[in-house]
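Trainee: Got a minute to go through this one with me?
Mentor: Sure, put it up on the screen.

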Amino acid sequence: MPELPEVETIRRQLEKKIINRKIEEIIIKDKRLIKGVSPRVFKFEAEGASFKRILRRGKVLIFQIKEKTFLIFHLRISGWVILSKNIEKFSRVIFRLSDNNNFQFCDQRALGEIRLIGDWRNLAVVKKMGPEFFDLKEKEFIELFKNKRTKIKPLLMDQSFLAGIGNAYAQEAVFCAGIHPQRSVDSLSKKELGKIYSCLSAILKEAIKKKGSSLDTYRQLNGSPGNYAPLLKVYGREGQACFRCGYSIERKVIGGRGTYFCPHCQK
DNA sequence: AATGGGACCTGCGCGC
DNA sequence: TGCGCGCAGGTCCCAT
C-alpha cells in the first residue's frame, strides 16, 4: 500500500481505534516479517504493552507502546492493516487486543517488515530519510533540487531526497505539472519546480481525503478500498486518452519502474 | 553522484 | 484448461 496518503490514512484511522488498547497476545504466523529481533524476543517485549502514540514518517508507521519501545511497520509493496474480529487470509502477524479485536498486519507478498526499537529516530531507514513533504514551504522544496542532475520522477520517489512519495503519486505529480518524467532536474525552472510543489500538495491532500488509492491490495483499516484510484490521471492508463490533450498515454520504464505519462503535454 | 541489475516474495492476468 | 511470462504502489545491495 504504501505511499504517504495510504499510510497517513491508516495512521489517522488507527489513532481513533487502538490508542490505550493493550496487546494481549501476538500471533506470528509468518516469522519472516519480524526483523531485527527473534520472534520470541519480539513477543516478550511487546505483549502486555499498550498503544500510546501513533506516528508516521515517510511510508513508515510508528507505534509507541512503552516509554522506550516503539513498534515499527513498513508495508512495502503489498502490505495492509486490518482491525477486525475475523482473521484475514493474508494475515501474517496478529495483535490480539484487549477489546477482542485483532489488529492484523496482512501482506500478500510477505515483503513487509515489523520491528521493535527503543527509539524510532534510530531506525536506519529513518536516519537517511529526506524531509516530510508537508513540513516544507515552497521555497524550501525548491532548495532541495539545488545541485541535483538526475531525472525528476525517480528523484521524487527517492526516500533519502523526499519522504513518502512513491511510484504512483510521483507520476501523477509530474503529469499535473506538465513535466516529462525524464526531464533532468537541472533543466527545470523555479516556476516549474513551484508547479510540482503545488501539484504534489494538492494531489497528496486529496488522496488523504479520499482515504488512499486501492490499486492492488491496499485497504483502509476496516477493509474498505480507498477512493482515490478513480481520480488518477495517468497511472495505469496506457493507451487511453490523456484527460488534458486527448493524446494516447504511454508507459515506459524509467529508473526501473513502470511510468505512465502523456508524451504530448508533458515536456 | 547516478544508474542498472538482481534479490526479496506471491498472485494475477494475459497470450498461446 | 494449463502453462509460461510479465507485471505489481518498495527498498536494499552490489557493480559500473
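What follows is a short round of questions on salt bridges and a helix pair.

Mentor: Ground rules: this is a predicted model, with local features needing pLDDT of at least 70, side-chain atom pairs counting only at pLDDT 80 or more, and totals for chains, interfaces and linings using all residues. Residues are numbered from 1 along each chain as its sequence is written, chains are lettered from A and ligands numbered from 1 in the order in which they are written, and side-chain values use heavy atoms, leaving out hydrogens and water.

Trainee: Which residue forms a salt bridge with Arg 56?
Mentor: A salt bridge puts a side-chain nitrogen of Lys or Arg within 4 Å of a carboxyl oxygen of Asp or Glu. Arg 56 sits in strand β2 (residues 53–57) and its partner in the loop between α3 (124–127) and α4 (138–144), so the pair ties together parts that are 76 residues apart in sequence. Here the closest N and O atoms are 2.9 Å apart, and the partner is Glu 132.

Trainee: Are Arg 56 and Glu 132 buried or exposed?
Mentor: Buried means under 20% relative accessible area, exposed over 50%, and partly exposed in between (1.4 Å probe, protein chains only). By that yardstick, both Arg 56 and Glu 132 are buried.
Both also belong to a salt-bridge network that includes Glu 8 and Arg 11. The verdict for the pair, then: buried.

Trainee: At roughly what angle do the axes of α6 and α7 cross?
Mentor: Axes are lines fitted to C-alpha atoms, for helices over the stretch in contact, and angles run from 0 to 180 degrees between N-to-C directions. Helix α6 covers residues 167–176 and helix α7 residues 190–209. Their axes come within 8 Å and cross at roughly 130°.

Definitions and conventions: Helices (H or I, at least four residues) and strands (E, at least two) are DSSP runs, numbered from the N terminus.
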